[in-house]
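Open your viewer and get ready to click along. We will go from stop to stop, selecting a few residues each time and looking at what is there.

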Amino acid sequence: MASLRSRLIELLPHYLLMIALIFGVLLVIQELYGDLGFWASFAVAIAIAAVYPFVVRRLGVAPGAWER
């Protein structure tokens with residue numbers, strides 16, 4: 001079993017990329033359509049966070065913790 005530190009180091013780039021992707025998508029949506037409001041923005045963020053692990057698994061770049 002991997003240590004907590006090694007798992008965090010393995011997962012950190014993916015979580016940072018996911019957060020950057022969420023902010024980027026929300027920024028593009030805001031520029032194109034204006035302010036969405038809290039709940040719509042929250043729904044977009046949850047959707048991206050839910051889809052991201054499946055996409056990286058499909059691309060073959062998922063960390064070991066997500067391969068299970």
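Start by selecting Gln-30, which sits in helix α1, the run of residues 4–33. Keep in mind as you look around that this is a predicted model. Is Gln-30 buried, exposed or partly exposed? Its relative accessibility is 44%, so Gln-30 counts as partly exposed; that label covers values between the 20% limit for buried and the 50% limit for exposed.

Keep Gln-30 selected and add Ser-41. These two are 11 residues apart in sequence, and their C-alpha atoms lie 9.5 Å apart in space.

Next, stay in helix α1 and pick Tyr-15. With 39% relative accessibility, Tyr-15 counts as partly exposed. Now draw a distance from Tyr-15 to Val-28: the two are 13 residues apart along the chain, and 20 Å separates their C-alpha atoms.

Time to move on to helix α2, which spans residues 38–59 and holds Phe-42. Select Phe-42: its relative accessibility is 41%, so Phe-42 counts as partly exposed. Which residues join Phe-42 in a nonpolar surface patch? Add Phe-38, Trp-39 and Ile-46 to your selection, and you have the whole patch of about 500 Å².

For the last stop, show both helices together. The axes of α1 and α2 are 10 Å apart, and the helices pack at an angle of about 135°. Because that angle falls outside the ranges for roughly parallel, roughly antiparallel and roughly perpendicular, α1 and α2 are oblique to each other. Turn the view until one helix lies in front of the other: the crossing of α1 and α2 is right-handed.

How values were computed: Residues are numbered from 1 along each chain as its sequence is written. This is a predicted model: local features need pLDDT of at least 70, side-chain atom pairs count only at pLDDT 80 or more; totals for chains, interfaces and linings use all residues. Side-chain values use heavy atoms; hydrogens and water are left out. Helices (H or I, at least four residues) and strands (E, at least two) are DSSP runs, numbered from the N terminus. Buried means under 20% relative accessible area, exposed over 50%, partly exposed in between (1.4 Å probe, protein chains only). Patches are made of residues with over 30% relative accessible area and no salt bridge: like charges are joined within 9 Å, nonpolar side chains (Val, Leu, Ile, Met, Phe, Trp, Tyr) within 5 Å. Accessible areas come from the Shrake-Rupley method with a 1.4 Å probe; for residues, only the protein chains shown count as cover. A salt bridge is a side-chain nitrogen of Lys or Arg within 4 Å of a carboxyl oxygen of Asp or Glu. Axes are lines fitted to C-alpha atoms, for helices over the stretch in contact, and angles run from 0 to 180 degrees between N-to-C directions. Angles under 35 degrees count as roughly parallel, over 145 as roughly antiparallel, 65 to 115 as roughly perpendicular and the rest as oblique. A crossing is left-handed if the near helix is turned anticlockwise from the far one by less than a right angle, and right-handed if clockwise.
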